[in-house]
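Reader: I would like to go through this structure with you, one question at a time, and I would ask that each answer show its reasoning before it settles on a value or a name.

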Amino acid sequence: MASTAQAIGRTRSLLERLGLADKRLLLAVSGGADSMALAYLVGRAIGPEKCYALTVDHGFRPESAREARDVGRFMRDLGIRHETRALSWGPCPETSAAGGASVALPPVQRLEEVARQRRYAEIGRVCRERRIHTVLTGHHAGDQAETFLFRLLRQSGVYGLAGMSVQSALPVGGCQHEASGPAPVIVRPLLALDKAALYEICRERGIRWHEDASNSDTRFRRNMLREVIAAAGEGQSPFSAQALLGVCRAMQGHREYINTEVAGLLAEHARFSADLGVAELAARSGGGRRRPRWACNPALRERVLASIVGWVNCRDHPPELAHLRQFEQAIAGFYGGERGPPAPAAMAVAASVAMLPPTARRGWLFCRQAPRPAEIPPCVGLALGSTALWDGRLAVRVCERPRSAHPDALTWSIHSLHDAMQRWPECIAAHRSACRRGAVPAERLHAVQATLPVVSVGAGGGMLPDTVVHALGRPVAGSLAAACLDVAVCSRAGAAPAGADEVVCL
């Protein structure tokens, strides 16, 4: 078992290797032994003045507020600034977590998921307020083993079974106001340490921690898996932490190799449109229906599809293997083979992504699944010059053009196409007709357009009623407000992967 001094040294080395030793860091501290040890180790490794600790009080237990105050006292002893953010739960319908509003308490089956989403939304909000780019969490080797088993039960592929990375993007979702600037990242410095080592560090340094009683509630799947792993002990059981982590490390090696291969295939066969949030994969190699190289090897085909689907839906986790198989079945039927001759191309939908079959002009087209009515909440009352993350995947920014004249109180909002068609039916219908008269082909009007945001502007006091200025991926012609504004839309996933083309033939 590593000594505390060794753990401090390893933490310092990791942060230096990642270029974070001289950066401001946000520490997610719940009060458990793992996060309390994290705060101690990082404070000693790079200095407490570079750290800012945050406790998110979910409010599920009567004692949680007192525990958060205890965390604050210990952080002050370490010289680390600290704050607590309390979540509010109520009987009202679920609202956007971006504003910190009260959210209806979900059923126990979804409690962990919703609490996690709100916790990360709060962490992201503090990052923006404090202008901090990196979040450190106390995930340890035991958490990694649980993650592996959890994803195995969900039939994840190589990428999922490789477990948590030391560094990854901060999960976000919904409509996040002021989403400008680089997205925060999560760093997990303790993945090489098990829970026993963290307990020992706390005991050795006199660090008090709190045990969350809900961690033993086996109605939550992670807690149930934790008990399965604990019952296996350290023997020869395939469910022991050592066995699970051994397979996880092997998957990490496979992931690194496959990443290199997939990057080359994406550069050769994929095209992306960051402003539409859609991607295209080549459907043919040479004449006829010859398979392109990305579709020949099953393992690489799976990872190419996972990369494309993940880029389009911007989910916090990679797509499940069962979802990828739905796309693979449609692709296999198109090319034919041992199971029979080629079949007519068909659309496939999974993981909130629609795969449109190839046409004479383009290959396989991937876009967000058409949203259900009221599925995507609007973002309203935004100030000019601000950026909002809509649908968890598209960053939208509206700025005034130089020397433009408009009411001082002008604000802007984002709506789904379905909602906009209910509110401004004549305007949207006229804009669709104008788009059809242009060079926009039909696919964009019946598939991709339903996934794009509609931007409106307005001013209080009746100076300017809400007016649509951007829809279907284009400015609305004839709008005086649109002439004064620039609207930019870009996928949260960012530009295309390195080497890939960023032009999609819709």
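Reader: Is Ala374 buried or exposed?
Author: In this predicted model, Ala374 is found in the loop between β14 and β15 (379–383). Its relative accessibility is 61%, and because a residue has to be over 50% to be placed in the highest class, Ala374 counts as exposed.

Reader: What is the phi of Ala374, a residue that is not a glycine?
Author: Most residues other than glycine have a negative phi. Ala374 departs from that pattern, for although it is not a glycine its phi is positive, at about 65°.

Reader: Which residue in the loop between β16 and β17 should I look at for its phi, and is that residue buried or exposed?
Author: The loop between β16 (387–390) and β17 holds Asp391, whose phi is near 65°, a positive value in a residue other than glycine. Its relative accessible area is 17%, and because this is under the 20% cut-off, the residue in question, Asp391, is classed as buried.

Reader: How many bridges join β11 to strand β14?
Author: Strand β14 covers residues 364–368 and runs antiparallel to β11. Within this pairing, Ala279 has Phe366 of β14 as its bridge partner. The number of bridges that join the two strands is 3.

Reader: Which residue stands opposite Val278 of β11?
Author: Strand β10 (residues 270–273) pairs with β11 in the antiparallel sense, over 4 bridges. The two strands form a hairpin with 4 residues between them, and Gly277 there takes a positive phi near 70°. The residue that stands opposite Val278 is Ser273.

Reader: Which residues of strand β11 are buried on its two faces?
Author: Strand β11 spans residues 278–281, and both of its faces are covered. One side carries Val278 and Glu280, while the other carries Ala279 and Leu281. The buried residues are therefore Val278, Glu280, Ala279 and Leu281.

Reader: Where does Arg125 find its salt-bridge partner, and how far apart are the closest N and O atoms?
Author: Arg125 and its partner Glu122 both lie in helix α4 (residues 108–130), where they are 3 residues apart, about one turn of the helix. Arg125 is buried, with a relative accessible area of 10%, and Glu122 is likewise buried, at 8%. The closest N and O atoms of this salt bridge are 2.7 Å apart.

Reader: How many residues apart in sequence are the parts that the pair of Arg222 and Glu146 ties together?
Author: Arg222 forms a salt bridge with Glu146, and their closest N and O atoms are 3.6 Å apart. Because Arg222 lies in helix α8 (residues 221–232) and Glu146 in helix α5 (residues 141–153), the pair ties together separate parts of the sequence. Arg222 is partly exposed, with a relative accessible area of 26%, whereas Glu146 is buried at 5%. The parts tied together are 76 residues apart in sequence.

Reader: Which residue meets Arg401 in a salt bridge?
Author: The N to O distance in this salt bridge of Arg401 is 2.7 Å. Arg401 lies in the loop between β17 (394–400) and β18 (410–415) and its partner in strand β22 (residues 485–491), so the pair ties together parts that are 85 residues apart in sequence. Arg401 counts as partly exposed at 34% relative accessibility, and the partner is partly exposed too, at 38%. That partner is Asp486.

Reader: Which residues do salt bridges with shared partners join into one network?
Author: The salt bridge between Arg125 and Glu122 belongs to a network in which salt bridges share partners. The residues joined in this way are Glu83, Arg85, Glu122, Arg125, Glu129 and Arg130.

Reader: What is the accessible area of the nonpolar patch that includes Met224?
Author: Met224 has its place in helix α8 and counts as partly exposed, at 36% relative accessibility. Together with Val228 and Phe239, Met224 forms a nonpolar patch on the surface. The accessible area of the three together is about 240 Å².

Reader: What percentage of the residues of the protein chain count as buried?
Author: The secondary structure of the chain comes to 15 helices and 22 strands. Of its 506 residues, the share that count as buried is 48%.

Conventions: Residues are numbered from 1 along each chain as its sequence is written. This is a predicted model: local features need pLDDT of at least 70, side-chain atom pairs count only at pLDDT 80 or more; totals for chains, interfaces and linings use all residues. Side-chain values use heavy atoms; hydrogens and water are left out. A salt bridge is a side-chain nitrogen of Lys or Arg within 4 Å of a carboxyl oxygen of Asp or Glu. Buried means under 20% relative accessible area, exposed over 50%, partly exposed in between (1.4 Å probe, protein chains only). Two strands pair if DSSP finds at least two bridges between them. Patches are made of residues with over 30% relative accessible area and no salt bridge: like charges are joined within 9 Å, nonpolar side chains (Val, Leu, Ile, Met, Phe, Trp, Tyr) within 5 Å. Accessible areas come from the Shrake-Rupley method with a 1.4 Å probe; for residues, only the protein chains shown count as cover.
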